[in-house]
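Here are a few exercises to try with the sequence and the 3D view side by side. Have a go at each task before you read its solution.

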Amino acid sequence: MSTSEAAPAPAATVIPIDDVARHHGKVPAPPPAASSAAPPAAAPAAAATTAAPRKTGLPFFRRADRGSRCVALIDFVLRIAAFGPTLAAAIATATSDETLSVFTQFFQFRARFDDFPALLFFMVANAIAAGYLVLSLPFSAAIVLRPQAIGLRHLLLVCDLIMVGMLTAAAAAAAAIVDLAHSGNVRANWVPICMQFHGFCQRTSGSVVASFLAVLVFVFLVILAAFAIRRR
């Protein structure tokens, strides 16, 4: 037996794998333990914030739609305003018949609107326009409530363009007949009849003026619809 005992081997140094990987830059260092844990007092506040209902504005009161809603409201008012002239023109033309007695009741001259195809077309066109304006009011009101409804705007725009063309043609034809009744035609030996048929000429003349006013309102409706669609 040897007098000197062998010295014990030094203990091996254990290096964790994550430390080696962190040293070479492969694994990011974990955050400090103090920062990873949230304070106890902040947890209820975070839970309350998460549980709170999210405030969302109603689509009807969105600020982005205020301009479109104002345009739609003007469209609705103009349709109501155009209904009066078209209905008045149709009624006045349909009731413009006048009979003129000469000497005795057996010799009578009569002026009726249906004796003139232009005036008959004028009366029917104004009646159709008045009915269309009534039927279009619910669609216009729906656009006021929902300005983003582009399909309804396109539908009303197309129908308004049709009404503009029909009313313009009817009013122009009736205006030619009324002018002939007032002035006559010397070259064709057509004498004016308004000197005898005062009531007939007054009613038809007023109807033509009212119809042209309705045409102007329809033109404004078309411009407003095109402007609203262009903004969208």
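**Exercise 1.** How many disulfides does a search of the whole structure find?

Before starting, note that this is a predicted model, where local features need pLDDT of at least 70, side-chain atom pairs count only at pLDDT 80 or more, and totals for chains, interfaces and linings use all residues. Residues are numbered from 1 along each chain as its sequence is written, and side-chain values use heavy atoms, leaving out hydrogens and water.

*Solution.*
- Step 1: look for a pair of cysteine sulfur atoms within 2.5 Å, which is what counts as a disulfide here.
- Step 2: the search turns up one disulfide. C194 is joined to C201, with S to S at 1.9 Å.
- Step 3: check the twist. The S-S torsion of C194 and C201 is about -95°, so this disulfide is left-handed.

**Exercise 2.** Work out how helix α5 and helix α6 are arranged.

*Solution.*
- Step 1: find the helices (DSSP runs of H or I, at least four residues, numbered from the N terminus). Helix α5 covers residues 117-145 and helix α6 covers residues 150-183.
- Step 2: use the axes, lines fitted to C-alpha atoms over the stretch in contact, with angles from 0 to 180 degrees between N-to-C directions. The axes of α5 and α6 come within 9 Å and cross at roughly 160°.
- Step 3: name the arrangement. Over 145 degrees counts as roughly antiparallel, and α5 and α6 are therefore roughly antiparallel to each other.
- Step 4: sort the residues of the α5 contact with α6, and you get 23 nonpolar, three polar and two charged. Ala, Val, Leu, Ile, Met, Phe, Trp, Tyr, Cys and Pro count as nonpolar, Asp, Glu, Lys and Arg as charged, and the others, Gly among them, as polar.

**Exercise 3.** Which residues line the largest cavity?

*Solution.*
- Step 1: on a 1 Å grid over the protein atoms alone, a cavity is a set of points where a 1.4 Å probe fits but cannot get out, and lining residues have an atom within 4 Å of a point.
- Step 2: the largest cavity has a volume (the space filled by probe spheres set on the points, which are joined across faces, edges and corners) of about 70 Å³.
- Step 3: its lining is V71, A72, D75, S140, I143, R153, L156, L224 and A225.
- Step 4: the largest share of this lining, three residues, comes from α4.
- Step 5: by class, the lining of the largest cavity has six nonpolar, one polar and two charged residues.

Notes:
Helix = DSSP H or I, 4+ residues; strand = E, 2+ residues; numbered from the N terminus. Parallel < 35°, antiparallel > 145°, perpendicular 65-115°, else oblique. 1 Å grid on protein atoms, 1.4 Å probe; cavity = no way out; pocket = protein on both sides within 12 Å on 5 of 7 lines; lining within 4 Å.
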